[in-house]
Amino acid sequence: MGEVIEAQRPRTLRVPRGGSHSAIFLAAGITGLLSLLPLLFVLYVAVTSGWDTIADLVLRPKVAALLLNTAALLLLVLPLSATLAVACAWLIERTDLPLARLWSWLMVAPLALPAFVHSYAWSAFAPRFHGLGAAVLVSILAYLPFVYLPVAAQLRRLDPALEETAQSMGKAPLAVFFRIVLPQLRLAILGGGLLIGLHLLAEYGLFVLTRFDTFATVIVDQFQSVYNGPSANLLGGVLVLLCLGLLGLETGLRGDERYARVGTGAARQRRRVMLGRWKWPALALLTAFALLSLAVPILTLSRWLIAGGAEIWRLDFILPALGQTATLAFAGAALTTLAALPMAWLTVRAPSRMQKLLEAAHSYVGALPGVIIALALVTVTVNVALPLYQTIATLLFAYALMFLPRALVGLRTSIAQAPVELERAALSLGRKPVSAIWHTTVRLAAPGALASAALVGLGITTELTATLMLAPNGTRTLAMRFWSYTSELDFAAAAPYALLMIVLSIPLVVLLHAKADRADQA
């Protein structure tokens, strides 16, 4: 009888506090504590600086101007991105728009271009186009897919029953959209908007090339001129407060309303809206976005590649940069995936209060700009472990902190799909707990783990800010070479490195689009 009751329990493997499983808790605990370093850095800077220093370096006109720039950027980019993304997603998913599948890919394709490559293309295409207007336009073109992807996926999943009921009650189409459809898209819009907002706070290269000052650009510039200076550290603290404020705002706006469908069965396929005479304006909108976000960068890059000729393909520079980038990406992806594995297993197999605290410590670093993580590691290595300053180990550790949440999400999903009964069977055959997990769950989760590692590796491939601040002397990744040439306005010499980063980023777009399609079919 006891065996029957046990078989009916949820598929959660209760982990004893002692024994061999303690190694998993210990590994997750160490990773969680290390993830707190950036937050401890901010607190350390605030405590050691004192109020007088904080007032002198933070309460000044320059910081006020940066706050105004940041506020203007967020207030313009976020609403415009959300509006445009929702409009495009609705046209592609809900109307009889021609070639809808192609337009869906074109909406996601800008993610294959790193943000600083977008700004590079626009700086070369329109050299006099700079300031707030340029920063807003390039930010929308580079980051809009972050809102489009979840909104489009949510539109595909919505059951038309609510909309049809509202229409049967005499509601106009616009009223149905704003009162029924739009509220159900709120979580997708806020989630995508949060990603864009965090990228806006963290981005460096995009805003340097558009000549628009932000906290990240000023922090990196000050760091490069005065290593580990107090002003850069305190500005980093202000940037962390802005990130936390953005997270709090998203949480408050999210609310707790429920728009899920209740009942058995599957959602029915909806009929697409006939655009009629609005077909051409809709095509014009999507074509304009594709031209601005894809055609301008591709044509600009092609122009510089042709103008530079064979001379810009300096294989003695390109091959070492490609090799260093691949080595860092592979090592960083492996380290990050392994670091996230214990926490991912605990999240699925042993949920508890302690697990939730550890998971929060793993996840919050994904909301911090790379410049903050780099500043924290500079402070720690200079003051505590000087031999580690500007070493490969410190750089890989920074990558692990930055991309830990990305690896955790993918691993968590993969482990959840592995049957827990296999772990139990291995334990019953005498395997030690860690060995049982490794030979059953980890093996089954390997494809998902490889996909997560690929996403981490692609992120490392195009990472710029932390690499500039932490890379050892002599390190020249693709992003660093690209940045070195663009800083000298040698756009032709930078073109091959931009092309290679785009080629390496294309799998990211394919993975994200495929993931959105699978989520729709689930």
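A residue is called exposed when its relative accessible area is over 50%, and buried when that area is under 20%. The exercises below apply these terms and others to a predicted model.

**Exercise 1. Classify Leu-489 and Leu-99, and describe where each of them lies.**

Step 1. Begin with Leu-489, which is found in the loop that runs between helix H24 (478-487) and H25. Its relative accessible area is 62%, and because the cut-off for exposed is over 50%, Leu-489 is exposed.

Step 2. Turn to the backbone of Leu-489, where phi is near 60°, a positive value in a residue other than glycine.

Step 3. Repeat the reasoning for Leu-99, which belongs to the loop between helix H4 (61-94) and helix H5 (100-108). With a relative accessible area of 60%, Leu-99 is exposed, and its phi, near 55°, is a positive value in a residue other than glycine.

**Exercise 2. Describe the secondary structure of the protein and the share of its residues that is buried.**

Step 1. Count the elements: the protein has 25 helices and zero strands.

Step 2. Consider burial, for which the figure is 51% of the 522 residues in the protein.

Step 3. Look at how contacts span the sequence. Of the contacts between residues at least 6 apart in sequence, 83% join residues at least 24 apart.

**Exercise 3. Identify the residues that touch the most other members of the largest nonpolar core, and follow the contacts of Phe-482.**

Step 1. The largest nonpolar core holds 156 residues, and the members touching the most others are Val-117, Tyr-120, Tyr-148, Val-151 and Phe-482. Helix H16 (residues 315-349) supplies the largest share of this core, namely 13 residues.

Step 2. Set aside the neighbours of Phe-482 within four places in sequence; Phe-482 is then in contact with Phe-116, Val-117, Tyr-120, Ala-494, Tyr-497, Ala-498 and Met-501.

**Exercise 4. Work out how helix H19 is oriented relative to helix H22, and which residues bring them together.**

Step 1. The axes of H19 (residues 392-416) and H22 (residues 446-461) come within 8 Å and cross at roughly 155°. Angles over 145 degrees count as roughly antiparallel, so H19 is roughly antiparallel to H22. The crossing in which H19 passes H22 is right-handed.

Step 2. From H19 the contact draws on Tyr-399, Phe-403, Arg-406, Ala-407, Gly-410, Leu-411 and Ser-414, while H22 offers Gly-448, Ala-449, Ser-452, Leu-455, Val-456, Gly-459 and Ile-460. Sorted by class, these residues are eight nonpolar, five polar and one charged.

Step 3. Compare this list with the surroundings of Thr-336, a residue placed in helix H16. Thr-336 is buried, its relative accessible area being 0%. Beyond its neighbours within four places in sequence, Thr-336 is in contact with Tyr-399, Ala-400, Phe-403, Leu-404, Ala-407 and Val-456.

**Exercise 5. Decide how helix H2 and H16 are oriented to each other, and name the residues in their contact.**

Step 1. Helix H2 (residues 22-35) packs against H16 at an angle of about 120°, and their axes are 8 Å apart. H2 and H16 are therefore oblique to each other, and their crossing is left-handed.

Step 2. The contact joins Ile-24, Phe-25, Ala-27, Ala-28 and Thr-31 of H2 to Ala-339, Pro-342, Met-343, Trp-345 and Leu-346 of H16. By class it has nine nonpolar, one polar and no charged residues.

**Exercise 6. Examine Val-509 and Val-138, giving for each the helix, the burial and the contacts.**

Step 1. Val-509 lies in helix H25 (residues 491-521), and its relative accessibility of 5% is under 20%, so Val-509 counts as buried.

Step 2. Leaving aside neighbours within four places in sequence, Val-509 is in contact with Trp-105, Val-108, Ala-109, Leu-111 and Ala-112. Measuring C-alpha to C-alpha, Val-509 and Leu-455 are 9.8 Å apart in space, although 54 residues apart in sequence.

Step 3. Val-138 is part of helix H7 (residues 132-143) and, at 1% relative accessibility, counts as buried. With neighbours within four places in sequence left aside, Val-138 is in contact with His-118, Ser-119, Trp-122, Leu-206 and Thr-210. The C-alpha atoms of Val-138 and Ala-115 are separated by 7.9 Å, and the two residues are 23 residues apart along the chain.

Technical notes. Residues are numbered from 1 along each chain as its sequence is written. This is a predicted model: local features need pLDDT of at least 70, side-chain atom pairs count only at pLDDT 80 or more; totals for chains, interfaces and linings use all residues. Side-chain values use heavy atoms; hydrogens and water are left out. A nonpolar core is a set of buried Ala, Val, Leu, Ile, Met, Phe, Trp, Tyr and Cys residues joined through side-chain atoms within 4.5 Å. Buried means under 20% relative accessible area, exposed over 50%, partly exposed in between (1.4 Å probe, protein chains only). Helices (H or I, at least four residues) and strands (E, at least two) are DSSP runs, numbered from the N terminus. Contact means heavy atoms within 4.5 Å. Axes are lines fitted to C-alpha atoms, for helices over the stretch in contact, and angles run from 0 to 180 degrees between N-to-C directions. Angles under 35 degrees count as roughly parallel, over 145 as roughly antiparallel, 65 to 115 as roughly perpendicular and the rest as oblique. A crossing is left-handed if the near helix is turned anticlockwise from the far one by less than a right angle, and right-handed if clockwise. Ala, Val, Leu, Ile, Met, Phe, Trp, Tyr, Cys and Pro count as nonpolar, Asp, Glu, Lys and Arg as charged, and the others, Gly among them, as polar.
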